[in-house]
Amino acid sequence: MSSVAGKKRKLPPTESAQTESKRTSTKGKYSPKEDVKEPDELPLATLGDNTGFICSACHLSISPELESRVEIKSSPPAANKLKTQWILKWNVDWSATLHSLCWDNIHKTAGARGKNKIQSSEKKMILEAVKTAEKFDSLQTLNEEAIKAAGMVLAAKHCICFTGAGISTSAGIGDYRGKDGKWTQEDRQTDTDTADEEGVAYEKLRPTYTHEAIAILVERGLIKHVISQNGDGLHLLSGLSPDNLSELHGNVFLEKCEKCTRVYERDYYTLDDTTSQYYEELEDFGKSDLKPPRYAKKCSTCGLNHRTGRRCQDRKCRGYLKDMIINFGDLLDDDIITRAETEANKNDLCLSLGSTMQVHPACDLVGMGQIPLKLAVCNRQETEFDDLCYKKSGTDILGVRVFGDCDVFMKEIMKQLIPPDELKEWEDKRNERIISYTAKRLQD
Ligand SMILES: [Zn+2]
Ligand SMILES: [Zn+2]
Ligand SMILES: [Zn+2]
């Protein structure tokens, strides 16, 4: 995989603003915290750890089946604070799992003015964790909501799907936000160069249950269009037709001729991160030891380099090829955003999966549907769109709001939408599909 060696560049904007300044230091390899499974071993759906949890606050067990929970992670306390009388029983990595109710009590107490039973160093840690807390509904709630969402999909005339980084977490990708999110980790680093840059190459990622389920639902006409903030190429790899997909922030496997606009799909990551790094270092330090190649060109909007070093294969053209990734500062591609808007305007149901919907203008599309707006949202963090999901028409709640893993949610939806024997046959072919995905990616 020599063409993709070295530091890989930041990812397309997937989430928002608070951590913008840190983003350029996310060199494109994914840095998941947990062990990364080889693609062939990826489970059909990651059903989470159903062995149960112990609440860090009340020390009683949490039943994933029946009780909702919150997972948090904080920065380690300063060495001289280690003897604090802790209210929470933190794990060794300063993470903790709590009953949702216990969490509500704890973080309200921590945020309240005046003295209370929580010592100040722990208060700080708890308040820090509020921003990245991940919520998981009980499996029972998730199933009920999935049944409702499936009914809405069947009733909709123009259902669209909006996807974010959260649908790729089980592909071996870390999420951006959330307790182990890449941006979260970077925020906690004082020196971002010490951030863990080992990770999974894009070529190693395989579509998740959610990607595959979306592709099937599009094939069956139940979902009309997919709008994605992800640049990882997994929607196309899952077999979704480009006609049904708007990749708002680009795709790291594509490159486009500057002159004739012909697009090339590659089996490798197309970006030249080293040249972008050169411009970044010039900007940050006024100098760089890197030597820019002759084709290098600083982008006027993001300040990085989009040229990949390859040329158009049309002999009469031979224009420079550019990656199609939208970085901070870059404008979205006119054609792509126009089509996405047209689809978003038509929607009478928007299924938003794995996104906290904070990056503009992408997230604006979520609220563009027919009135009354119908929204079904599944992710692990709160979003600004949650209130819309709970809106009522008469006594009926219009939307669906689920906290949890998209794969688990989609698996339940599929049970409702696809006859059992067909579903089983399709799920059983997962391994065959993995082989076909692997054939479409450069191997090292
Ligand atoms: Zn508890
Ligand atoms: Zn060309
Ligand atoms: Zn640019």
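A residue is called buried if 20 or more other C-beta atoms, placed from the backbone, lie within 10 Å of its own, exposed if 12 or fewer do, and partly exposed in between. The model is predicted, so local features need pLDDT of at least 70 and side-chain atom pairs count only at pLDDT 80 or more, while totals for chains, interfaces and linings use all residues. Residues are numbered from 1 along each chain as its sequence is written, and chains are lettered from A and ligands numbered from 1 in the order in which they are written.

**Exercise 1.** Work out how many residues of strand β3 are buried, and what covers its two faces.

*Solution.* Begin with the element itself: strands are DSSP runs of E with at least two residues, and helices are runs of H or I with at least four, both numbered from the N terminus. Strand β3 covers residues 69-73, and 5 of the 5 are buried, so the strand is largely enclosed by the rest of the structure. Next, recall that in a regular strand the side chains alternate between the two faces of the sheet. In β3, Arg69, Glu71 and Lys73 are buried on one side, and Val70 and Ile72 are buried on the other.

**Exercise 2.** Find which strands pair with β3, and in which sense.

*Solution.* Two strands pair if DSSP finds at least two bridges between them. Strand β4 (residues 95-99) pairs with β3 in the antiparallel sense over 5 bridges, and there Ala96 is the bridge partner of Ile72. Strand β5 (residues 134-136) is joined to β3 by 3 bridges, also running antiparallel, with Phe136 of β5 as the bridge partner of Arg69.
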